[in-house]
Amino acid sequence: MCRNRVPQFCPYGWEMTMQRPSAINESPLSVEEREKLEAQYSEIATLAGGLAHEIKNPLSTMSMNLELLTEDLETLDVPARHRMLKKVESVQRECKHLQDILDAFLQFARVGKLALTTVNLNELVSDFIDFFRPQANEAGIEISPHFDADLPAVQVDPALFRQVLMNLALNVVQAMPDGGLIELQTSHRDGTVYLDIIDNGKGIDEKVKSRMFDAFFSTKSGGSGLGLPTVKKIVDAHHGTIECESELGRGTRFTISFPVC
């Protein structure tokens, strides 16, 4: 039987209730002081999420009104119409960018329990491949799965694990603008299940790799910098690990591990 684990959120990442954040564990604080700090961290995370929601609401109203303004401008027959439409479109793009950042932040700082289910990782990965293959084909990318037929069961939240796969797959697509190959391999050893996601894209340099899981760090124009940090938080929440190996010009390997039930 898998042991149920209930996660809670703190600014250091998704943590299980049976664990305290490592920075707090290593400090010489008393139990009462540590509990007080954890409560404060949880409150800050909740406030940050609430603030993001408060920003999203008027931003949605602004976007809707910009659409209405665009429709009104298109009916005008004045020399400045084209210039005015360009300016409105520019503001719409910025609103969309802000909306995307807020959505990514809320996803990153989500507070809640994992809906853990005992599953065979092969099945979840296979289902995702079926879903993602059309997008990969459009990008000229071949997907090659290699599944361990004797893979033991693990306990994961299927929806969040799918989010992990999606974020990593989108990173792979961006790393291979001219197409290429993605390999997804499962294996197990010593009470741990592994998933390797390998591409033959352009690779990642050491400077970027050292910061790739830092919140808001991005090398992409307009990127939120929360995709890979969100992946790491989800994996950490499952008591798993994620590692990256990469070589410029040859490709990248992400290795995710989860404990066996």
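Me: Which angles between helix axes count as oblique?
Reply: Angles under 35 degrees count as roughly parallel, over 145 as roughly antiparallel, 65 to 115 as roughly perpendicular, and the rest as oblique. In this predicted model, the axes of helix α4 (residues 121-138) and helix α5 cross at roughly 45° and come within 10 Å. The two helices α4 and α5 are therefore oblique to each other.

Me: Is the crossing of α4 and α5 left-handed or right-handed, and which residues make the contact?
Reply: α4 passes α5 in a right-handed crossing. On α4, the residues in contact include L121, F128 and F131; on α5, they include P158, L165 and V173. The residues of this contact divide into 13 nonpolar, one polar and two charged.

Me: At what angle do α5 and α7 cross?
Reply: The axes of α5 (residues 158-175) and α7 (residues 227-237) cross at roughly 145° and come within 9 Å. Here the crossing is left-handed. Among the contacting residues are L160, V164 and N171 of α5, together with L228, V231 and I234 of α7. Seven nonpolar residues, five polar and no charged make up the contact of α5 with α7.

Me: Turning to a single residue, is T186 buried or exposed?
Reply: A residue is buried when its relative accessible area is under 20%. T186 has 7% relative accessibility, so T186 counts as buried. The residue is found in strand β6 (residues 180-189).

Me: Which polar partners does the side chain of T186 have?
Reply: The side chain of T186 makes a polar contact with the side chain of N122, at 2.7 Å. A polar atom of the T186 side chain also lies 2.9 Å from the backbone nitrogen of D148.

Terms used
Residues are numbered from 1 along each chain as its sequence is written. This is a predicted model: local features need pLDDT of at least 70, side-chain atom pairs count only at pLDDT 80 or more; totals for chains, interfaces and linings use all residues. Side-chain values use heavy atoms; hydrogens and water are left out. Helices (H or I, at least four residues) and strands (E, at least two) are DSSP runs, numbered from the N terminus. Buried means under 20% relative accessible area, exposed over 50%, partly exposed in between (1.4 Å probe, protein chains only). A polar contact is a pair of N or O atoms within 3.5 Å; within protein, one must be able to donate a hydrogen and the other to accept it, and residues adjacent in sequence count only if both atoms are side-chain atoms. Axes are lines fitted to C-alpha atoms, for helices over the stretch in contact, and angles run from 0 to 180 degrees between N-to-C directions. A crossing is left-handed if the near helix is turned anticlockwise from the far one by less than a right angle, and right-handed if clockwise. Contact means heavy atoms within 4.5 Å. Ala, Val, Leu, Ile, Met, Phe, Trp, Tyr, Cys and Pro count as nonpolar, Asp, Glu, Lys and Arg as charged, and the others, Gly among them, as polar.
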